[in-house]
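Me: I would like to go through this model with a few short questions. Please keep the answers plain.

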Amino acid sequence: MISKVPAGFEDLLQRPIVGILATVTPHGSPDQSPMRFKWDGARLRMSHTIPRGKFTSLQANPNYSFLITDPDVPSRSLETQGWLVTVLGDPEGVFYRELSEFYDAADEPLPDDVYDRVVLLLDATKFIAK
């Protein structure tokens with residue numbers, strides 16, 4: 001069951017804010033990484049690569065937590081929880097470029113790992129506003 005974004009916190013999902021993605025490694029340790037994202041109204045979308053640890057962690061345990069802190073009001077934050085729904089191939093880095101434009105970094109060079117690029121689709125089933 002997907003819950004609703006708390007009133008007054010929708011902007012944190014719509015603005016280009018880097019959030020912290022927390023997962024559990026295959027060995028059971030917590031792992032956190034800053035991640036750029038786009039919200040499609042039901043899911044978080046993030047660009048990643050297959051060989052990296054975060055991808056491996058989500059394959060082993062698809063549960064995640066994602067914390068977005070308002071850069072203008074640091075005491076205001078939104079946490080989403082859910083699980084990895086699917087992984088889409090992005091071998092040309094199309095979504096990576098889309099994220100770069102959204103985050104006003106369109107001049108950012110495309111990384112060398114473009115052929116291993118994927119789009120992570122993460123269901124947001126719980127929201128915690130703080």
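Me: Across which strands does helix α3 lie?
Reply: This is a predicted model, where local features need pLDDT of at least 70, side-chain atom pairs count only at pLDDT 80 or more, and totals for chains, interfaces and linings use all residues. Residues are numbered from 1 along each chain as its sequence is written, and side-chain values use heavy atoms, without hydrogens and water. Helices (H or I, at least four residues) and strands (E, at least two) are DSSP runs, numbered from the N terminus. Helix α3, residues 94-102, lies across β3, β4 and β7.

Me: Which strands stand at the edges of the sheet?
Reply: The open sheet has 7 strands in the order β2-β1-β5-β6-β7-β4-β3, with antiparallel pairing; two strands pair if DSSP finds at least two bridges between them. One side of each edge strand is left without a neighbour in the sheet, because each has a single partner strand. The edge strands are β2 (30-35) and β3 (38-39).

Me: Which residue in β4 stands opposite Lys 38?
Reply: Strand β3 is joined by 2 bridges to β4, residues 43-49, and the two run antiparallel. Opposite Lys 38 in β4 stands Arg 45.

Me: Is Lys 54, which forms a salt bridge with Asp 31, buried or exposed?
Reply: A salt bridge is a side-chain nitrogen of Lys or Arg within 4 Å of a carboxyl oxygen of Asp or Glu, and the Asp 31 and Lys 54 side chains meet at 3.1 Å, N to O. Asp 31 lies in strand β2 and Lys 54 in helix α2, so the pair ties together parts 23 residues apart in sequence. Buried means under 20% relative accessible area, exposed over 50%, and partly exposed in between (1.4 Å probe, protein chains only). At 4% relative accessibility, Lys 54 is buried.

How values were computed: Contact = heavy atoms within 4.5 Å. Axes fitted to C-alpha atoms, helices over the stretch in contact; angles between N-to-C directions.
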